[in-house]
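Please find below a short note on the aromatic contacts and one of the strands. It is meant to be read with the structure open.

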Amino acid sequence: MSAADLSSEPTVVARPVLTIAAVERDTRISKDTLRVWERRYGFPQPLRDTNGERLYPAEQVERLRHIKRLMDMGYRPGRIVGMGLAELLAMDIVATPDSLPRTEEGLRRRQELEHLLALLLSHDVQALRRTLGQALLRRGVGAFIKDIAVPLLVDVGEAWSRGQVAVFEEHVCSQALETVLRSSLAMHPELKDEPRPRVLLVTFPFEAHGLALLMAEALFSVEGCLCMNLGTQTPLSDMTLAAKAHRADIVALSFSAAVSPHQWVEALNDLRAALPLNVEIWAGTTAAMSVQRRVGEGVLLLNRLDAIGPEVARWRRAQLT
């Protein structure tokens, strides 16, 4: 065979594939869920290696990223798992319109968010923290969380779903926000408004994400509440003991999209049964609308952090009647 013949042969490019463990880490969809979808919906359709282990092509992983993102917005798997990438992208665009007003102020906020994302992607952590801290000082805690922290996390999540942000960069963003918020809480002045609800902030053992809990603590503090943040992954028995010791009026929990609603709905109902009825339970989750009917009375589901202020005001009015 001549050199000319060799040069005319097509180049075979190996298509990237991921193991099921890698797909779980990349998409945050559990291995069990991937297997169930494969049987029930016919997607994903993994390849198999010589040992029979599942291998997922890159285009299927991309579809799974968008499916997970839409599920986080409340879509049911049965509706979207069988969709192609083009359909998923179209739904993503419709489901996430730009929430910033098309005004000069909205444009400034969009530019500010894009600058923060650029700092994250350039790995300039010190500048990211400094810029976040300046934004907090300019706006105050409540407006910072509403106008900067939450939209930035949404932007990072969207960039991750498009493959533009790595998981470690997402973690860096969360850590930077945590650092800024903790510094703010340490300097927060004590308010004298009465009555002041005592709030216990906590997550169940299966919930390891604590940033939303920290943002909630900051907003409760702005409202003059007395807060005790136990952090993440606390057993039910310790929650009830802490609520009694702290004389809590409200037990506040947060649930990330990584946790199945079925799991935390059952846990919430167990907590409701374990606490006195005069102790309110507030739970923050993006799936609030879809599961409200499945939780017992005395459990308030909030799908927005900025609902905390009005609910604290409602609690105060109830104490005065």
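The points below concern a predicted model.

1. Aromatic pairs. Searching the whole structure gives 4 aromatic pairs. One of them joins Phe204 and Phe255, which are stacked with 6.0 Å between centres and 20° between planes. Phe204 belongs to the loop between strand S4 (198–202) and helix H11 (211–222), and Phe255 to the loop between strand S6 (250–254) and helix H13 (261–274), so this pair ties together parts 51 residues apart in sequence.

2. The cluster. Phe255 also stacks with Trp264, at 4.7 Å centre to centre and with 15° between the planes. Ring pairs connect Phe204, Phe206, Phe255 and Trp264 into a cluster. Within it, Phe204 and Phe255 are buried, and Trp264 is buried as well.

3. Burial of S6. The strand that precedes the loop of Phe255 has 5 of its 5 residues buried, so S6 is largely enclosed by the rest of the structure. Side chains in a regular strand alternate between the two faces of the sheet. In S6 both faces are covered, with Ile250, Ala252 and Ser254 buried on one side and Val251 and Leu253 buried on the other.

4. Neighbours of S6. S6 pairs with S4 in the parallel sense over 4 bridges; Leu200 has Val251 of S6 as its bridge partner. S6 is also joined to strand S7 (residues 280–284) by 5 bridges, again parallel, and Ser254 stands opposite Gly284 of S7.

5. Charges over rings. Arg63 places its charged end over the ring of Phe43, 3.6 Å from the ring centre. Arg28 lies over the face of Trp160, with 4.7 Å to the ring centre.

Note on methods: Residues numbered from 1 in each chain as written. Predicted model: local features only at pLDDT ≥ 70, side-chain atom pairs only at ≥ 80, totals over all residues. Heavy atoms only, no water. Phe/Tyr/Trp six-rings, centres within 6.5 Å; stacked < 30°, edge-to-face > 60°. Helix = DSSP H or I, 4+ residues; strand = E, 2+ residues; numbered from the N terminus. Buried < 20%, exposed > 50% of the residue type's maximum accessible area, 1.4 Å probe, protein only. Lys NZ or Arg CZ within 6 Å of the ring centre and 35° of its normal. Pairing = 2+ DSSP bridges.
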